[in-house]
Amino acid sequence: MTIYFPSQVVLEVTSRCNLECKGCAVHGPDSFTTRKTSNMSEQDWKVAIKEIGSWDKELNLTAHGGGEPLIHPKFREILQFAKTFPKLNTGFLTNGMLLNKEWSEFVVSIGLDWIGFSIDGVSPETHRIVRKKSDLEVIEKHLLELLLIRERSSIKEPSNKEPSKSPKPLITLNMVAYDEVYDQKEQFVQKWLNKVDNITISHYRNPPSSRRALLVPQERKPCFLLWSQMIIASDGRVGLCCEDFNIDFPLGRVGEKPLIEIWNGSEISKLRKLHEAGDFTSHPMCRDCDTWSDNIIQKTEENKNLGFKMLHRASQTEYKPLNEPLLIHN
Ligand SMILES: C[S@@+](CC[C@H](N)C(=O)[O-])C[C@H]1O[C@@H](n2cnc3c(N)ncnc32)[C@H](O)[C@@H]1O
Ligand code: SF4
């Protein structure tokens, strides 16, 4: 029997947040989740990280879910613990409000692998509207501080050593193309393109729908997420996939049995078989989803006038300077 291992584990260290963004499934005005928000218990994050970190496989540990990870009172310990497992490529997305200088010094000092800031555009006024309770000026100050601290730390490398080619953490930006900020897309890319490592602009999806209606192919294929992405919610339950915002279809929970058994258990195996047989409608979660197409449609484009190239996918577009390679996702 084939044993499957995920290539990404999403560890939702907390489902709580300090903002109320427009499209957020958990905290936005149209939130539809009813699960109780919580910080993940020490028992759960330790057990989960210890197990995934000891698998004989390199994987991406994404330490955020439907909340703001910096809210978790033990987030530093969680990251430090994860960094003791060399096979884990660890990072998280943040709204940036709490990522002050001390935090930046900390993430650089532990060699965190990646960090993504969610910033929706270039105008503080519209930012406040789509990311309610946020302050773009504070977030940009935090981002610039992190860039500077990272740069200083790479200069400090001993002179006999080659300077690190990709200083850590890798810094990425994700903007959601809400109607209110849609016309700021190019300005946003131009503002940050040569300062950060990667920029993505996500298509807005109106929760609970996962439809983005862009670039979705006619012919449906089995969903790659069923084989690649494990979701562990803040209460320790293992969700079906990233679309299972309310954890309506739990596969099990941390601690009840090894995660690898849950990931190869009967529930998810049944769904994998349905997908392989071309049945995408029997499961209510899959029926109305287009996330499955994210690794299928990948269209590249260049904008020589503005100096960037783009990789379009169903959920988002990635931007890079013309002379840098695009990350083709599998
Ligand atoms: C749910 S947040 C969690 C992490 C963190 N609190 C943050 O804001 O980065 C993850 C990402 O989803 C994005 N997002 C939220 N609602 C969305 C929507 N309706 N459509 C597309 N992306 C959305 C956020 O902007 C953020 O980049
Ligand atoms: S900061 Fe992130 S988790 Fe918080 S409301 Fe915004 S999108 Fe949701």
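Before looking anything up I fixed the burial terms: a residue is buried if 20 or more other C-beta atoms lie within 10 Å of its own, exposed if 12 or fewer, and partly exposed in between, with C-beta atoms placed from the backbone.

I note that this is a predicted model, in which local features need pLDDT of at least 70 and side-chain atom pairs count only at pLDDT 80 or more, while totals for chains, interfaces and linings use all residues. Residues are numbered from 1 along each chain as its sequence is written, and chains are lettered from A and ligands numbered from 1 in the order in which they are written.

**Entry 1: the chain as a whole**

I counted secondary structure as DSSP runs, numbered from the N terminus, with helices (H or I) of at least four residues and strands (E) of at least two. On that basis the protein chain has 10 helices and 14 strands. I then looked up its radius of gyration, which is taken over C-alpha atoms and set against a globule rule of 2.2 Å times the number of residues to the power 0.38. The value is 20 Å, close to the 20 Å that the rule gives for 330 residues, so the chain is as compact as a globular protein of that length. The C-alpha trace spans about 50 × 40 × 40 Å along its principal axes, and buried residues make up 36% of the 330. I took two residues as in contact if their C-beta atoms, placed from the backbone, lie within 7 Å; of the contacts with a separation of 6 or more, 69% are between residues 24 or more positions apart.

**Entry 2: three helices and their buried sides**

I started with α5 (residues 136-155), for which the expected span is 1.5 Å times one less than its number of residues. For its 20 residues that gives 28 Å, and the end C-alpha atoms are 29 Å apart, which agrees. Its buried residues are Ile139, His142, Leu143, Leu146 and Arg150. Taking the arc as that of the directions from the helix axis to the C-beta atoms, I found that they cover only 100°, which puts them on the same side of α5. Glu137, Leu144, Leu148, Glu151, Arg152 and Ile155 are exposed on the other side. The buried residues of α5 pack against α3 (101-109), β5 (114-118) and β7 (170-176).

As a reminder to myself, an α-helix has 3.6 residues a turn, so residues three or four places apart point the same way.

In α6 (residues 185-192), I found Phe188, Val189 and Trp192 buried. They fall within an arc of 95° seen down the axis, so they line one face of α6. Their packing partners are β7, β8 (198-202), β13 (308-312) and β14 (316-321).

In α2 (residues 75-82), the buried residues are Phe75, Ile78, Leu79 and Ala82. These too fall within an arc of 95°, so they line one face of α2. What covers them includes α1 (42-53), β3 (59-62) and β4.

**Entry 3: Val13**

Val13 is in the loop between β1 (8-11) and β2 (20-21), and it counts as buried because it has 25 C-beta neighbours inside 10 Å. Leaving out residues up to four places away in sequence, I found that Val13 touches Met40, Trp45, Ala63, Pro69, His72, Phe75, Ile78 and Ser234.

**Entry 4: the two ligands**

I counted a residue as near a ligand if its C-beta atom, placed from the backbone, lies within 6 Å of it. Ligand 1 is surrounded by 17 residues, the closest being Gly23, Glu68, Leu93, Asn95 and Ser118. The elements giving two or more residues to this shell are β4 (88-94) and β7.

For classes, I took Ala, Val, Leu, Ile, Met, Phe, Trp, Tyr, Cys and Pro as nonpolar, Asp, Glu, Lys and Arg as charged, and the others, Gly among them, as polar. The shell around ligand 1 has 7 nonpolar, 8 polar and 2 charged residues, and that around ligand 2 has 5 nonpolar, 4 polar and 3 charged. The residues around ligand 2 include Cys17, Cys21, Cys24, His27, Glu68, Asn95 and Arg131.

**Entry 5: backbone exceptions**

Most residues other than glycine have a negative phi, and most peptide bonds are trans. I found a cis peptide bond between Lys168 and Pro169, with omega about -5°, and Pro169 is in the loop between α5 and β7. Lys133, in the loop between β6 (131-132) and α5, has a positive phi of about 80° and is partly exposed, with 13 other C-beta atoms within 10 Å. Ile247, in the loop between β10 (237-239) and β11 (252-253), has a positive phi of about 50° and counts as buried, with 23 C-beta neighbours inside 10 Å.
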